[in-house]
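Thanks, I'll keep this short. I want to go through the ligand site, then the pockets, then the cavities.

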Amino acid sequence: MIDDKHNMPRAETLQKKILVIPGDGIGPEVTRWGRRVLEAVAEKFGHTFEFDEALMGHAAIEATGNPLPDETLEKARQSDAILFGAIGHPKYDQDPQLKVRPEQGLLRIRKELGLYANLRPIKLFDELLAASSIKPEVLQGADILFFRELTGDVYFGEKKRADDNSWASDLMIYHAYEVERIAHKAFETARQRRKKLCSVDKANVLESSRLWRSTVQRIAAAYPDVQCTHMFVDNAAMQLIRDPRQFDVILTSNLFGDILTDEASQIAGSMGMLASASLGDGTGLYEPIHGSAPDIAGKGVANPLASILSAALMLQVGFQLQEEADAVWRAVEQVLRKGYRTLDIADKHTENNMIVGTDGMGQQVIQQLVHA
Ligand code: NAD
C-alpha cells in the first residue's frame with residue numbers, strides 16, 4: 001500500500017480482536033476511554049479492531065455466581081488482546097471469609113492464559129512533576145520498567161488455617177522455570193533500553209529468594225552486555241524514593257512487585273497514571289495497576305489515563321504498533337501540557353489546573369489524538 005501524500009510505503013493495516021473486560025467499581029468508567037482511544041487509533045491509522053465485552057469479578061459473580069465465567073475465558077482465548085479495568089467490591093474486603101471472590105477471576109485468567117510477566121512502566125510526564133509528593137529534582141527523568149512475576153509466590157502456594165484460627169500460613173514457592181522465563185524476557189528488554197537490570201529479592205532470609213537469585217545469576221551470564229545487580233526488597237523500597245533514576249529494568253517476584261509498583265506509582269504522580277501489560281506466550285492482558293477504587297466509584301472523577309496508557313501499551317507491545325502507541329502518549333502529554341487534570345493529579349501549588357472528570361479527560365485525549 002502507498003501513502004498518497006508522501007509516496008512512501010504505508011505500514012500494513014491490522015485486523016485484531018480485542019476483548020474488553022470492564023470489571024467493577026471505576027473499571028467500567030475508565031475502560032470506556034481505553035476502548036474509545038483504541039477505536040480512534042483504528043480509524044486514524046486504518047486498522048480494524050473488532051471489540052467484544054465480557055464479565056469478570058464482582059459483576060460476574062452477581063450475574064452468574066462465577067468470578068470468571070466459562071464464556072469470558074472462551075472469549076479471552078479467542079481474542080488477540082484483552083483490555084481490562086479492575087475487579088473488587090467492599091463486600092469482599094469487609095468479609096475475608098467469603099469463599100467466592102472477585103480476585104479469583106483475575107488470578108484464574110492469568111493462570112489459564114499463562115500470563116507470567118507483568119510489565120509496569122513507571123514514567124513521569126514532566127507536566128506532572130508537581131503532582132508527586134516527591135521533590136521534582138529527585139524525580140525528573142525517572143524511567144523504570146518493572147517485570148513482576150505473576151504465576152508463583154504466596155499468591156498460588158498452599159494456604160492453610162487452623163480450625164481454631166490460632167494460626168494461618170501461605171506457602172511462598174518458586175520453581176526455577178518460572179524465574180528463568182521472566183528473567184529472559186526482562187534481560188531481552190533491558191538490552192533494548194539502558195542495559196541495566198536490578199533483580200529484587202530477600203535472599204538474606206528466604207529460601208525461595210535464594211533460588212530466585214541464583215537462577216537470575218545463571219541467566220545473566222547469557223546477557224553479558226546487560227549490567228545485572230541484586231538488591232534486597234527492603235533496600236529497594238527505600239532506594240525507589242531516595243533516587244529512582246538509578247533504576248532502569250527492575251525484575252522481581254509476585255508479592256514484592258505488587259507492593260513496590262504501588263509505591264513507585266508515586267513517582268508517576270498517581271495510581272491513576274500507571275498502565276500494565278500481563279504477558280505470556282499468547283494473548284496479553286492490558287490493565288491499569290489500580291483497583292476498583294470503591295471510594296470514588298460512580299462519582300465520575302476517576303482518572304482514565306491509566307486505562308488509556310494501557311491501550312497504548314497494547315498497541316506497542318501486543319500489536320507492535322509503535323507509531324500508534326506514540327500518538328496516544330503524545331496526545332496524553334499535550335492534554336496535560338494544556339493544564340487538564342483529574343483530581344488525583346491536580347497540582348496543589350497552582351490555581352491554574354483545569355479540573356475535569358473521567359469523561360472530560362477522556363474527551364480531551366480523543367480530541368487531541370484525532371486532530372494531531
Ligand atoms: P485502589 O487502587 O482501588 O485504590 C487506592 C487509592 O487510589 C484510592 O484512594 C483510590 O481512590 C485511588 N485511585 C485508584 N485508581 C484511581 C484512578 N484511576 N483515579 C483516581 N484515583 C484512583 O486500591 P484499594 O483501595 O486497595 O482496593 C480497592 C479494591 O480494588 C479492592 O477490592 C481490591 O481487592 C481491588 N483491587 C483490584 C485490583 C485489580 O483489579 N487489578 C488491584 C488492586 C486492588
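One definition before anything else: Ala, Val, Leu, Ile, Met, Phe, Trp, Tyr, Cys and Pro count as nonpolar, Asp, Glu, Lys and Arg count as charged, and the others, Gly among them, count as polar. Keep in mind too that this is a predicted model.

With that definition, take the largest cavity. Its lining divides into seven nonpolar residues, no polar ones and one charged. The residues in question are Pro121, Lys123, Met273, Leu274, Ala275, Leu309, Leu313 and Trp329. By the classes I just gave, Lys counts as charged, and Lys123 is in that list. The space inside comes to about 70 Å³. β6 and α11 each supply at least two of the lining residues.

How many cavities of 30 Å³ or more does a search of the whole structure find? Two. The second largest holds about 60 Å³ of space. Asp153, Met172, Tyr174, Asp201, Ser208, Ser209, Trp212, Ser253 and Phe256 line this second cavity. Helix α8, residues 207-220, provides the largest share of that lining, with three residues. By class, the second cavity's lining has four nonpolar, three polar and two charged residues.

Now the ligand. There are 21 residues around it, and those that come nearest are Ile87, Asp93, Gly291, Ala293 and Asp295. The shell is made up of ten nonpolar, seven polar and four charged residues.

Which residues put a polar atom by a ligand oxygen? Aspartate 93 has a side-chain N or O atom 2.8 Å from an oxygen atom of the ligand. For aspartate 295, a polar side-chain atom lies 2.9 Å from a ligand oxygen. With serine 292 the backbone is involved: one of its polar backbone atoms is 3.1 Å from an oxygen of the ligand. As for cover, the ligand on its own has 810 Å² of accessible area, and the protein covers 69% of that.

On to the pockets. The largest pocket contains about 700 Å³ of space. It has 26 lining residues, and Pro121, Leu145, Arg193, Leu313 and Gln316 are nearest its centre. Two or more lining residues come from each of β6 (117-123), β7 (143-149), α7 (176-192), α11 (305-318) and α12 (322-337). α12 gives the most, seven residues. Pro121 and Leu313 line the largest pocket, and both names also appear in the lining of the largest cavity.

The lining of the largest pocket has eleven nonpolar, four polar and eleven charged residues. Domain 1 (13-123 + 273-372) and domain 2 (143-266) each contribute at least three residues to it.

The second largest pocket has about 600 Å³ of space. Of the 20 residues that line it, Pro96, Arg101, Glu103, Lys159 and Asp170 lie nearest the centre. The elements giving two or more residues here are α5 (102-112), β8 (159-161) and β9 (168-170), and α5 gives the most, with five. The class split is eight nonpolar, three polar and nine charged.

Where does this second pocket lie relative to the two domains? Domain 1 and domain 2 both give residues to its lining, so the pocket lies between them.

That's the tour; questions are welcome.

Note on methods. Residues numbered from 1 in each chain as written. Predicted model: local features only at pLDDT ≥ 70, side-chain atom pairs only at ≥ 80, totals over all residues. Heavy atoms only, no water. Near = heavy atom within 4 Å. Polar contact = N/O pair within 3.5 Å; in protein donor to acceptor, adjacent residues only side chain to side chain. Areas by Shrake-Rupley, 256 points an atom, 1.4 Å probe, with all protein chains shown as cover. 1 Å grid on protein atoms, 1.4 Å probe; cavity = no way out; pocket = protein on both sides within 12 Å on 5 of 7 lines; lining within 4 Å. Points joined across faces, edges and corners; volume = space filled by probe spheres on them. Helix = DSSP H or I, 4+ residues; strand = E, 2+ residues; numbered from the N terminus. Domains from an automatic or database assignment.
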